[in-house]
Amino acid sequence: MANVWRGVGRWLITASTTLLSIAGLTALVVTLAGAHLGDVLTALYQGAAGSRYDIGNTLNRTTPLLLTGLGVAIAFRAKIWNIGGEGQFLVGAIAASAVGAYKLHNLPAPVLIPLVLVAGAFAGAAWGAVAGALRAWRGVPEVISTIMLNFVAAQLLSYLLHGPMQESTHAQPASEALPANAQLPVILSETTLHFGLYLALAAILVVTIYLFATPGGFALRVVGDNPDAARASGVNVALTQVSAMAWSGALCGLAGAIELSGKLGSLYENYAPGYGFTAVAVALLGRLNPWTIALSALFFGALSAGSGSMERSAHVSSVLIFVIQGATLLALLASQRIQAMRRSAAE
């Protein structure tokens, strides 16, 4: 736990510097867009936390970002650059839909809901493990393989929605809706906030225990720090890398299943709104620490929830949110670079 708290301290310092930089860059972008900064910030706040419903919406958007951010962070800890969170999110949703809406839809809710979520996690794990195996035993760069697997997953979804999984009327490329007994319950009245938030919060604890209190997590971190030293110490580097990608994919796949079971109910084309890609920014801003990733996910979730209000009230395109996200990454990378230069100068 000492490592966790040290990580939190470093994160707070970095986050403060980064947020100041983000504020400056955001002010510059808003000014160039011809809008008033105060109006934009007010609209963002109103959209993210202006009412009970808005808070629920923000937490709903935080849930998949938290899970995918945790997933990406596990791979990054092992120095595996998983850019395939989007594809793993998609195959997780596909598997969840196949189980919940087609194969086992008559089972009672206490049985069906866990099966839907487990199916999503297993599918994501298998999809991630493919890229991990290609990296470990064939030397295929995971950046390339995971990006390509994103395209494969998107095409697989399109094929299924125009064929085997298309809804019964064939009126549109969408899957059958999940039955009520496969959907996660709402946990806050007058909102759409669902039980998936509890699962995402539990995932923080599970990932923390795995990384810092199990032999597998220790091996994963050693491989990430120095694979040669890990190999000399008897760690199976290849298997650890595949395991890291499987864990990573499982969390991203679980996010896809929860999004289906808790929020959307059925699959359609363009199902994934970019959670797998935003997860990279979430994980980096959280400095790969499970607890600070939660704060990072909440930040990005609030931005996403407030973007619609910003467009309606401040008359600024919601695309500005992507600019702010990009500014966040730039500020973070600049901050890390400055810290590295200071450490190098001190040595």
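**A buried asparagine in an all-helix chain**

Asn-60 is buried, with a relative accessible area of 1%. This value, like every other one in this passage, comes from a predicted model. A relative area under 20% is what counts as buried, so the 1% of Asn-60 places this residue in that class. Asn-60 belongs to helix 3, which covers residues 52-77. Which residues does Asn-60 touch once its neighbours within four places in sequence are left aside? The contacts are with Thr-192, Leu-193 and His-194.

From this one residue, the view can widen to the whole chain. The protein chain contains 13 helices and zero strands. Following the sequence from start to end therefore gives α-α-α-α-α-α-α-α-α-α-α-α-α as the pattern of elements. Burial is a feature of many other positions besides Asn-60: of the 347 residues in the protein chain, 50% are buried. Contacts between distant parts of the sequence are also well represented. Among contacts with a separation of 6 or more, 76% join residues that are 24 or more positions apart.

How does the overall size fit the number of residues? A compact globule of 347 residues would have a radius of gyration near 20 Å, and the protein chain, at 21 Å, agrees with that expectation. Along the principal axes, the C-alpha atoms of the protein chain fill a box of roughly 65 × 60 × 35 Å. The accessible surface amounts to about 15700 Å², and carbon and sulfur atoms supply 67% of this area. As for charge, the protein chain carries 17 positive and 13 negative charges, and the mean positions of these two groups lie 14 Å apart.

Two loop residues deserve a look at their backbone angles. Most residues other than glycine have a negative phi. Against that background, Lys-79 has a positive phi of about 60° although it is not a glycine. Lys-79 sits in the loop that links helix 3 to helix 4 (85-103). Is this lysine buried, exposed or partly exposed? With a relative accessible area of 40%, Lys-79 is partly exposed, because this class lies between 20% and 50%.

Arg-287 has a positive phi as well, of about 55°, and is not a glycine either. Where is Arg-287 placed? The residue lies in the loop between helix 11 (275-285) and helix 12 (290-313). Arg-287 is partly exposed, with a relative accessible area of 25%.

Key: Residues are numbered from 1 along each chain as its sequence is written. This is a predicted model: local features need pLDDT of at least 70, side-chain atom pairs count only at pLDDT 80 or more; totals for chains, interfaces and linings use all residues. Side-chain values use heavy atoms; hydrogens and water are left out. Helices (H or I, at least four residues) and strands (E, at least two) are DSSP runs, numbered from the N terminus. The radius of gyration is taken over C-alpha atoms; the globule rule is 2.2 Å times the number of residues to the power 0.38. Buried means under 20% relative accessible area, exposed over 50%, partly exposed in between (1.4 Å probe, protein chains only). Contact means heavy atoms within 4.5 Å. Accessible areas come from the Shrake-Rupley method with a 1.4 Å probe; for residues, only the protein chains shown count as cover. Lys and Arg count as positive and Asp and Glu as negative; His and the chain ends are not counted. The place of a charge is taken as NZ of Lys, CZ of Arg, CG of Asp or CD of Glu.
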